[in-house]
Amino acid sequence: MLLLLVNTTKYLKILIFSYLLCCFAMAEPNTNTMVASKEGLFANGLENFGIKLYANLAASNRGKNLIFSPFSIQTCAAMARLGAEGSTATELDQGLNLVTGDLDAMADLYHNVLSQYEKSDILKIANKIYVQKDYEVQDEYNKLLNEKFFSKAEEIDFSSNVEAAKAINSWVALKTNNRIQDLISAGSLNSDTRLILLNAIHFKGEWVHKFPERSTRDKDFYLDENNTIKVPMMRVEQRFRYGSLTQLDATILEMDYKDSDLSMLIILPNSRTGLKDLEEKLKTTSLKEIMSGMFATKVIVEIPKFKAEFEVELQNAFKELGISRMFGPQAEFGKMLKSAEPLQVSKVVHKAFIEVNEKGTEAAAATAVIALARTGQIFPDFKANRPFLYAIIHKSITAKDVIPLFMGSVVKL
């Protein structure tokens with residue numbers, strides 16, 4: 001996610017391309033758990049934010065494969081929150097479902113997650129601040145971002161827009177294994193640009209139980225009740241956590257990634273046209289509640305190989321979540337720069353990528369904000385041959401807390 005801040009005295013129309021790695025994330029086993037009360041609230045808040053944002057994006061992008069990272073988006077927006085004041089800060093707290101308005105406590109919650117993956121070879125998360133040359137970030141704001149978000153401020157001349165865009169895009173490409181290219185255009189930058197906040201995430205993990213390539217066959221995928229297309233369908237018979245969700249008229253499957261505390265959840269409607277109803281029911285059902293009824297059993301799994309990209313400008317979605325003030329001239333971001341210039345957000349754009357195959361998953365994402373400036377049997381079948389919803393989650397050792405790193409749906413291939 002990228003946050004671009006500019007002087008509000010002039011209107012800057014900035015097109016931000018944020019690349020969201022929409023795959024499932026993964027990391028080395030976690031040996032420590034956070035304080036239950038704080039981590040639980042943080043996880044619940046992020047999940048609620050993700051579900052509300054998913055509902056909004058699904059409703060406005062019918063017929064499209066959806067992939068986004070609620071973690072990336074919330075993290076980047078939270079960095080902006082650290083520099084906000086007044087009603088702008090209150091709207092961000094409520095809209096992002098942040099659990100505290102205390103800046104140090106808020107920064108600590110993100111630090112507890114980010115530090116787990118700081119040296120991971122599987123899941124990489126990076127944050128960055130670019131500041132206009134000859135402008136300075138306030139000391140307290142800079143300290144919080146540097147120490148808690150591992151984000152170091154770097155000077156750049158936005159008026160040299162071609163060179164600045166090249167530098168920013170090179171950083172994003174580097175942090176996403178070149179999966180996200182050309183995040184922003186040179187035309188998005190000019191002399192009024194003051195600050196850009198970036199979040200990039202890249203995940204590449206192998207399944208604990210890989211799908212034998214020899215078992216992949218072209219099979220029907222139902223686009224609706226009657227129409228089908230042929231897709232490469234992977235197949236494996238192994239022991240997975242599985243469940244029948246009567247209340248959701250769906251089944252659920254969890255597939256773990258090697259050497260990590262992360263996994264992919266696939267929630268499959270029982271009906272070929274049941275995705276929309278499932279999405280509606282998920283608004284009032286938590287992932288923790290859904291997963292509590294799962295059990296380990298041998299499952300015959302068939303899921304399609306797929307690759308998807310998704311790009312969206314999030315300003316309207318944010319406004320529907322109650323975050324609107326930061327996009328207007330009454331925005332309050334007085335804790336960011338030492339300069340007294342007023343700042344406002346012009347756009348929030350998110351772009352995501354995911355690829356799922358026999359070996360595992362690769363995903364990458366970046367988010368930017370610019371301111372102006374699934375019947376239990378002994379051997380059940382789980383055939384994802386119709387539209388389904390998925391999520392990549394991080395679980396604590398006790399599995400009591402679930403953090404959705406990525407969410408999405410497959411409706412066509």
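Accessible area here is what the Shrake-Rupley method gives with a 1.4 Å probe. By that yardstick, the protein's surface comes to about 16,400 Å², with 45% of it belonging to carbon and sulfur atoms. Keep in mind as you look around that this is a predicted model. The chain has 413 residues, and 58% of them are buried. As for secondary structure, you'll find 9 helices and 17 strands.

Let's start with the β7 and β8 pair. These two strands form a hairpin, with 5 residues between them. They run antiparallel and are joined by 6 bridges. If you want a spot to get your bearings, look at Asp220, which stands opposite Lys230 in β8.

Now go to Lys219 and follow its side chain to Glu302, where the two meet in a salt bridge at 2.9 Å, N to O. This contact links distant parts of the chain: Lys219 belongs to strand β7 (residues 217–222) and Glu302 to strand β11 (residues 295–304), 83 residues apart. How covered are the two partners? Lys219 has a relative accessibility of 31%, so it counts as partly exposed. Glu302 has a relative accessible area of 6%, and because buried means under 20%, Glu302 falls in the buried class.

Next, the loop after β7. Glu225 sits in the loop between β7 and β8 (228–245), and its partner Arg272 in the loop between β10 (262–269) and α7 (275–282), so to speak 47 residues down the chain. The side chains of Glu225 and Arg272 meet in a salt bridge of 3.8 Å, N to O. Glu225 is partly exposed at 41% relative accessibility, and Arg272 also counts as partly exposed, at 30%. Back around Lys219, salt bridges with shared partners join Lys219, Arg235, Glu237, Lys298 and Glu302 into one network.

Where else do charged side chains hold separate stretches together? A search of the whole structure turns up 21 salt bridges. One of them is between Arg179 and Glu355, whose closest N and O atoms are 3.5 Å apart. Arg179 lies in the loop between α6 (161–175) and β6 (193–206), while Glu355 is in strand β13 (residues 343–356), so this pair ties together parts that are 176 residues apart in sequence. Arg179 is partly exposed, with 30% relative accessibility.

While you're at Glu355, take a look at the strand that carries it. Of the 14 residues in β13, 12 are buried, which leaves the strand mostly covered. Strand β12 (residues 306–313) pairs with β13 in the antiparallel sense, over 8 bridges. Glu355 turns up here too, as the bridge partner of Lys307 in β13.

Finally, swing over to a piece of charged surface. Asp102, Asp104, Glu140 and Glu147 form a negative surface patch. Glu140 is found in helix α5, which covers residues 139–148. Why can Glu140 be counted in a patch? Patch residues need over 30% relative accessible area and no salt bridge. Glu140 has a relative accessible area of 46%, so it is partly exposed and clears the accessibility cut-off.

Conventions
Residues numbered from 1 in each chain as written. Predicted model: local features only at pLDDT ≥ 70, side-chain atom pairs only at ≥ 80, totals over all residues. Heavy atoms only, no water. Patch = residues over 30% accessible without salt bridge, like charges linked within 9 Å, V, L, I, M, F, W, Y side chains within 5 Å. Salt bridge = Lys/Arg side-chain N within 4 Å of Asp/Glu carboxyl O. Lys, Arg positive; Asp, Glu negative; His and termini not counted. Charge placed at Lys NZ, Arg CZ, Asp CG, Glu CD. Helix = DSSP H or I, 4+ residues; strand = E, 2+ residues; numbered from the N terminus. Buried < 20%, exposed > 50% of the residue type's maximum accessible area, 1.4 Å probe, protein only. Pairing = 2+ DSSP bridges.
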